[in-house]
Amino acid sequence: MMDLFNTDIKHNILPYDGEVVYYGLILTPDEAGNYLSVLLKDIAWKNDEAVIFGKHIITKRKVAWYGDGNYAYSYSNISRQALPWTKELLTLKALVEKHTSTAYNSCLLNLYHDGSEGMAWHSDDEKSLGKDTTIASLSFGAARKFALKRKQTKQATSIILESGSLLIMRGTTQTYWLHALPKSTKVKLPRVNLTFRTMI
Ligand SMILES: O=C(O)CCC(=O)C(=O)O
Ligand SMILES: [Fe+2]
């Protein structure tokens, strides 16, 4: 596929206690734009729900959960059932697996309609994901800042995720670091993010 934009030097953007590697573009801007249209149309987007301090919250951001099996996935006190892969998601999964030499069995999708929507600080450390799991993040649409902050020292770093780009988090990243997608009033266009994961 497109290796044109890939430099062979992929460095860890974390100083220690985990590995976050930015691969840059693995799709051309045109390919990424086409996928964005298809994903906006074909994915079963739903507003995310959570129960926080006993209060039922519904987010503006939309989510979807796809996977191999009948995975039940639970976070923020709400459980969700994985939908069967679509053709496009299987193609993208294979592409990401090739680039990262890792197999995934599920994918969490997020749709941020514009910069007024984001994701708060968290780590993907649910028991169902296993410890020190590899998560591959593929982005489409508006470029957005992805921020990381060490749990203990609050040391921070960030990177801009462009349309068609791939980022992976692996090793002890989820144990020692939080990540977030900050809101930005400057962003007027939608972004779709796919995180390929391995459920155990
Ligand atoms: O949208 C992003 O880039 C981050 C998504 C994320 O952290 C997650 O789905 O757990
Ligand atoms: Fe996350």
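The UniProt record, an unreviewed entry, places a domain annotated as "Fe2OG dioxygenase" over residues 103-200, and I would like to start there, while keeping in mind that what we have in front of us is a predicted model. In this model, residues 103-200 are 50% strand and 4% helix, and the C-alpha atoms at the two ends of that span lie 12 Å apart.

Before going further, a word on confidence. The chain has a mean pLDDT of 92, and 94% of its residues reach 70 or more, while for the complex the predictor gives an ipTM of 0.99 together with a pTM of 0.92. As a general caution, where pLDDT is low, the predicted coordinates should not be read in detail.

Let us now turn to the ligand. Which residues surround ligand 1? The shell is made of L108, N110, M119, D124, S137, F146, L161, H179, L181, N193 and T195. If we sort these residues by class, we find five nonpolar, five polar and one charged. It also helps to ask where they come from along the chain, and here strand β7, strand β13 (residues 177-181) and strand β14 (residues 191-197) each supply at least two residues of the shell.

Strand β7 comes up again when we look at the nonpolar core. The largest such core has 37 residues, and those with the most contacts inside it are C107, L109 and A136. The largest share of this core, five residues, comes from strand β7, which runs over residues 106-112. To take one example, L109, leaving aside residues up to four places away in sequence, touches I43, V63, A64, V192 and L194.

Finally, I would like to point out two residues in loops. S101 sits in the loop between helix α2 (residues 87-100) and strand β7, and its phi is near 50°, which is a positive value in a residue other than glycine. Is S101 buried or exposed? A residue with 12 or fewer C-beta neighbours inside 10 Å counts as exposed, and S101 has 7, so S101 is exposed.

The second residue is K154, found in the loop that joins strand β10 (residues 144-150) to strand β11 (residues 156-161). Its phi is near 65°, again a positive value in a residue other than glycine, and K154 is exposed because 8 other C-beta atoms lie within 10 Å.

Conventions. Residues numbered from 1 in each chain as written. Chains lettered and ligands numbered in written order. Predicted model: local features only at pLDDT ≥ 70, side-chain atom pairs only at ≥ 80, totals over all residues. Core = buried A, V, L, I, M, F, W, Y, C linked by C-beta atoms within 7 Å. Buried ≥ 20, exposed ≤ 12 C-beta atoms within 10 Å, placed from the backbone. Contact = placed C-beta atoms within 7 Å. pLDDT = per-residue confidence, 0-100. Near = placed C-beta within 6 Å. Nonpolar A, V, L, I, M, F, W, Y, C, P; charged D, E, K, R; others polar. UniProt positions renumbered as here; feature names shortened; annotations may be inferred.
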